[in-house]
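Please open the structure in your viewer and keep the selection tool at hand. This tour moves from one selection to the next and says what can be found at each stop.

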Number of protein chains: 2
Amino acid sequence: MFKIAIAQINPTLGDLTANAQKILGNIALAQKQKAQLVVFPELALCGYPPEDLLLKEHFVANNIKALNALAKKVRGIYAIVGFVDSDGKGAIYNAAAIIADGKIVDVYHKQQLPNYGVFDEKRYFAVGKNRGLVEINGIKVGISICEDIWVEGAIYRQQSLGRAKLLINISSSPSEQGKLKLRQELLIRRAKEAKLPIVYVNMVGGQDELVFDGGSMVIAPDGALIARAKQFDEQLLEVDLKAKPQGAVEFLDSDEEVYRALVLGTRDYVLKNGFKKVALGLSGGIDSALVAAIAVDALGKDNVVGISMPSQFNAKATQSDARLLAKNLGIEFKEIPIKAIFVAYLKTLSVYFEGTAPNIAEENLQARIRGNLLMAFSNKFGWMVLTTGNKSEMAVGYCTLYGDMSGGFAPLKDILKTKVYALCRWRNSLGVDPIIPKSIILRAPSAELRPDQTDEASLGAYEDLDQVLHAYVEKHQSVGTMKNNKIDAAYIAKIIRLVDLSEYKRRQSPPGVKITPRAFGKDWRLPITNKYKE
Amino acid sequence: MFKIAIAQINPTLGDLTANAQKILGNIALAQKQKAQLVVFPELALCGYPPEDLLLKEHFVANNIKALNALAKKVRGIYAIVGFVDSDGKGAIYNAAAIIADGKIVDVYHKQQLPNYGVFDEKRYFAVGKNRGLVEINGIKVGISICEDIWVEGAIYRQQSLGRAKLLINISSSPSEQGKLKLRQELLIRRAKEAKLPIVYVNMVGGQDELVFDGGSMVIAPDGALIARAKQFDEQLLEVDLKAKPQGAVEFLDSDEEVYRALVLGTRDYVLKNGFKKVALGLSGGIDSALVAAIAVDALGKDNVVGISMPSQFNAKATQSDARLLAKNLGIEFKEIPIKAIFVAYLKTLSVYFEGTAPNIAEENLQARIRGNLLMAFSNKFGWMVLTTGNKSEMAVGYCTLYGDMSGGFAPLKDILKTKVYALCRWRNSLGVDPIIPKSIILRAPSAELRPDQTDEASLGAYEDLDQVLHAYVEKHQSVGTMKNNKIDAAYIAKIIRLVDLSEYKRRQSPPGVKITPRAFGKDWRLPITNKYKE
C-alpha cells in the first residue's frame, strides 16, 4: 500500500485564492515527505458550509475555475480535493476531485445529503450517482464524503463489495462535545464491517457558529487506530497504512475539549472577519471572567480590553474582582462609571415615567448604557465586542437585548451556566495560581441591576434550571416527559414558557460556538409567533 | 356537482385549541349555508410553518389529538383539514384529513416538499405515497397540497387520469408582490390540462416574516375564473361549481398589494405576540412616516405612539414635519431631545476618545440613545417598538445596530427605498389631503447624524442603488453580469462589498414582512464569515 498524507486544513469560507494556495502548499509538503496521495477535507476549496453562496452561479463557476487551475499544478502525486461540482444544467454536487498529472482524473458526488440539525444540503445539492471507485497507483480506492459513511448501507458498502482495498472519507464534521469519540467508534465499526482500512480526513477551524475540530484518523481493517491527527489544529499527517497501530489515544477531557472549541471558534470568527482586537465588559462575574480567559487564549493578552462599567448597584467586591482578573490575565483594563449617563436618561424620561414604579425599564437602561459604551469603543477603535451571556440566560431571556447582548460574537452562547463553572475550574487548573479569582467562582451570581438581586432568586437553582433546559432545548422533551425528574412541574412549565417567550431575543443575538447537539443557531428554528405551550 | 365552501382562515401558529375552534365555527357556518364540503388551508390546524415545533413528538401527537376531537364533532358535511400526520414510527407528513360522519375517512400526504427559498419541508416531512383520490358525495375528488400542484406532472396528473371529477388543492402560499397572478395563471393552466374544475384554498394571515394573502379561487375546466376570495382577509366563500363564471377579476395595484401585505403582517405580528400598542421613532423622514401610516392602518390610531427625538443635527423642518405627520394620523406624539444624554456619553468617554476625530462612534451613539429611549417606553408600558429602516439601508448597512435597528418588528425590511416613495404616494392618494406631508416626500433623505449629511452623498442615487440591490440580492447576479447596465462597475463592486460586510448586522435585525422573491429572512442564508467577493 502507498504512503498517504492527511491534510487537515483550516480554509476560509469563500476565499478561493487563499484556499487554493493553502492546498497547493500542503501538496508540496506532502511530496517532500514522499507521500503518493494527499487528501483534503470536504469542500476544502471553498470552505464549509457555503450556504447560499451556492445559489450564485458565478460562485460555483469560480470554484471550478480555481480547481482547474490548481489541478494543472499537481504533478507526481495524487490529490483528493473537496469542491462544488456542476453538471452545467443547474444541478450542483458536493464533490471530491481526484487529481493527478495535472488533470482531474475522476470526480465523486456525495450521495447522502444531511438536511437536519445545522445542515441544509438538500437545499443546494443534487444526489450523486457514481460509485466513487478510483484506481490510485494501481489500488482500488472507495471515496465517500462525510454523511456517506454515517448512513447504514450507503455507498461505502457498495465500494467494499466492489473490491476497494481502501476507503477514504472526506468530511467537514462540526465539533460537538464528545463527537470525536462517536466518529472514531463509527469508523471502527465501518472498518471491521468492510474489512478495509479507512482514511478519514476532517476539516479544522471556525466558521460562524460551527467549529470543525479535526481529529482526522486512520483505522485498520481490524478496527485498530493507526493514527489520529490533533484536535483543533491544522496538521499534515503522514500515514503509512502498514505501520503498527499507535494504539489507543486518549480523548480530551470534556472540559478541555469544549474550552478549546470555544477558543478556536472565537479566534477564527474574530480574525477571519478582519478584526484583531476585542473588547468586553468585565462585571466581576463568572461569565465575563471566562470569556476574558477564552479571548486571551484565542488572541493574546495584548488584543483583549476589559471594561468595567459599575453603577450604584455594583458591589465593591465585584469591581475589585474585575480589576484582579484583568491583572491576572495581563489585559488592558478600563473602569467607566455609568452613573452620569444613567442619571441623564432618568431625567430625560422623568416626565413620562412619573408615577410609575421602577421596573425592567430602569434595569435594562443600565445594561444598554454598557452595551452602548462598548460599541462606542468598537466604532472608535475597530475592536470587536464579545458578549458574555451564557446559554442558560439566552434560553430564558435573562439578558438585555441591545444591552449585554450587544456584540459581534457570543462565545458562551451554547454553554449552560453549570458548564461555565466547570470550564472556569478547568482553566484555573492549568496554572499554579488561579487565573480566575476564587471569589468570582464562589459568589452567588447576580446581574446587579437592582439592590440585592441574585440570579437564583429569579430563576431557581442553576442545577435545576440547567437540567430543565437540557431536557427541553436539547432533547425537545415536554413537561409531561420531564415530570419523572425530581423537579416541580410548575417550575418546569414556568421555565419552558420563558424559553418560548424569549425567542424574539435570541433571533437578534450574535452568533456563538455550537457545542451541544442543539445550540441556539441553525439547529434551533422555532417560530417567534407561537402559541404552542408544552 | 355539490356545493363547496372555501374557508380562507387565519389560524395562529401552535394554538391548536383556538384553531380547532375556528375550524369548527367555519364548518357550522358552511352548514348553515348548505355547503356539502368545506375546505381549509394547508396545516390549518397548527398553522404554517410550524418549523422546529415539528421536531417535538408531543406537538405532533397533540395536533393529532386535536384533529380526532374535532372530527367527532363534524356531522352532515365533509371537511378537508390540513394537519400533521404521523406513521407512529418516526415519519411525519404534511397532510390533509377528509372528515365525515364524525370520523377521519381518509388522509392524503403531500408528495412535493419544497426545500428552497423560505421552505425547509424536507427537514421535517416524509414524502407521501398515496393517491389522494377520495369519494365525496359519490364524486371522485383529487386532493393535493400546495407544491403538489406547482410541480409539472405531479400527483394532480395521476388524479386526473384516475378519473377525478374535481381537483382540490389546499395551500399556505406566502404573499409576494404579484404572486396571486402567478397562482391564478398556474391554476388556469392546470384546469385546462386536466379538463377539470380546481378548488384552491389558501391561508391568510401573518406569521413572523411571512404573510399569507388568501385569494383562494375556483377555476372552471375551460380556465374561467368561477370565483375568487378576497386578498388579506378571512372569508368563507360559497362556491357553486355550476355557477356562471364571475369573469375576470382585477388584481390589486402593485403598491396597494404590497401596502396591504405590510399592514396585515404588522398587525398579526403585534397582536399574535400579545401586544396591543406600538411605538416608533418619528424622525420627520419618509421611512418613519410610512411605518407610522402602516401601524395606524394595522392597529388603529389609538395604538400608535410617535416619538421624535431631535438632536442638534436635526433640522427645524424635519421636526415640524414629524409633528404634522402625527397630527395628520391622529396619534399620540412625544418630543424628547437627546442632547443631555448625548453630552453625558461624550463627557464619560472624553478621556478615552481624546485626540480622536469624531467618527461613526459619535454618530451611532445618537441612534443608540434613540433606540434605548424607545425600548425604555417599551419596557415601561409594554409597547412593541417598530423599526423604520428599509431594505436598501439593511442591504448596505446604512443603519445602526442597537440604534435605529432596535425593535420587535421591521415593517419595511423588504421594501427598497424607491418603493417606499411609491407606497407613500399610494397611501396619500387615498384621501383628499395627503396624510404624509409632501415636504417629507420631497426632502432629500438624511440620517441627520452630522451636519449636512445626505444618504445619496454616501450611497449614490437611490435609483442606481436599488437597481444594483435588486440584481445582487434578489437575482444573485455578479458584477460581471450587471456590467451591461449603465451603472459604473466600481460603484457596483462597492455596493456589493457593503452588502457582504453588513451580513452581521442583518443577522441581529428584527423580522419584517417578506415581499420580494428574496427577502433578508429565511430565504437569505449567507455566511457572515465570507471572503468571497463578486
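Begin by selecting Glu256(A) and Arg260(A), whose side chains meet in a salt bridge with a nitrogen-to-oxygen distance of 3.9 Å. Keep in mind throughout the tour that this is a predicted model. Because Glu256(A) and Arg260(A) stand four residues apart in helix H7 of chain A, residues 254–272, about one helical turn separates them. Glu256(A) counts as partly exposed because its relative accessible area is 22%, a value that falls between the 20% limit for buried and the 50% limit for exposed. Arg260(A), at 26% relative accessibility, is partly exposed as well.

**A second pair within one helix**

Now select Arg506(A) and Glu503(A), which form a salt bridge whose closest N and O atoms are 2.7 Å apart. Both residues belong to helix H19 of chain A, where they are three residues apart, or about one turn of the helix. Are Arg506(A) and Glu503(A) buried or exposed? Both of them are buried.

**A pair that joins distant parts of a chain**

Next, select Arg525(A) together with Asp120(A), and look for the salt bridge between them, in which the closest N and O atoms are 2.8 Å apart. This pair links distant parts of the chain, since Arg525(A) sits in the segment after helix H19 (503–506) of chain A, while Asp120(A) sits in the loop between strand E5 (103–109) and helix H3 (121–124), 405 residues away. Arg525(A) and Asp120(A) are both buried. Then add Asp120(B) and Arg525(B) to the selection, and you will have the four residues Asp120(A), Arg525(A), Asp120(B) and Arg525(B), which are linked in a network of salt bridges. Over all chains, the structure holds 65 salt bridges.

**A buried asparagine in chain B**

Stay with Asp120(B) for a moment, and select Asn115(B), which is in contact with it. Asn115(B) is placed in the loop between strand E5 (103–109) and H3 of chain B, and it counts as buried because its relative accessible area is 5%. A polar atom of the Asn115(B) side chain lies 3.1 Å from the backbone nitrogen of Lys122(B). Leaving aside neighbours within four places in sequence, Asn115(B) also has contacts in chain A, namely Asn115(A), Lys122(A) and Arg123(A).

**Where the two chains meet**

Now colour the two chains separately and turn to the contact between them, which takes 86 residues from chain B and 85 residues from chain A. The area buried between chain B and chain A is about 7,200 Å², and carbon and sulfur atoms give 56% of that area. On the side of chain B, the residues that lose the most area to chain A are Lys380(B), Thr529(B) and Tyr532(B), which together account for 11% of what that side buries.

Select Lys380(B) again, this time with Glu362(A), and you will find a salt bridge between their side chains, at 2.9 Å from N to O. How many salt bridges does the rule find across the interface of chain B and chain A? It finds four, and across this interface there are also 53 residue pairs in polar contact. Among the elements that each supply at least two residues to the side of chain B that touches chain A are helix H2 (57–72), helix H7 (254–272) and helix H11 (360–381) of chain B. H11(B) gives the most, with 15 residues. By class, this side of chain B has 41 nonpolar, 24 polar and 21 charged residues.

**Into the nonpolar core**

From the interface, move to the largest nonpolar core, which has 194 residues, and in which Val38(A), Leu45(A), Ile27(B), Val38(B) and Leu45(B) have the most contacts. In soluble globular proteins, nonpolar side chains tend to be buried together. Select Leu45(A) and show what surrounds it: among the residues it touches, not counting those up to four places away in sequence, are Leu16(A), Ile23(A), Leu67(A) and Phe83(A).

**Two last buried residues**

Select Val60(A) in helix H2 (residues 57–72) of chain A, which is buried, with a relative accessible area of 6%. Beyond its neighbours within four places in sequence, Val60(A) is in contact with Leu54(A), Val84(A), Ser86(A) and Ile92(A). The C-alpha atoms of Val60(A) and Ser86(A) are separated by 7.4 Å, although these residues are 26 apart along the chain.

Finish at Arg183(B), in helix H6 (residues 179–194) of chain B, which counts as buried because its relative accessible area is 1%. Among the residues that Arg183(B) touches, outside its neighbours up to four places away in sequence, are Trp150(B), Tyr200(B) and Asp213(B).

Conventions
Residues numbered from 1 in each chain as written. Chains lettered and ligands numbered in written order. Predicted model: local features only at pLDDT ≥ 70, side-chain atom pairs only at ≥ 80, totals over all residues. Heavy atoms only, no water. Buried < 20%, exposed > 50% of the residue type's maximum accessible area, 1.4 Å probe, protein only. Contact = heavy atoms within 4.5 Å. Core = buried A, V, L, I, M, F, W, Y, C linked by side-chain atoms within 4.5 Å. Buried area = accessible area lost by both parts, 1.4 Å probe. Polar contact = N/O pair within 3.5 Å; in protein donor to acceptor, adjacent residues only side chain to side chain. Nonpolar A, V, L, I, M, F, W, Y, C, P; charged D, E, K, R; others polar.
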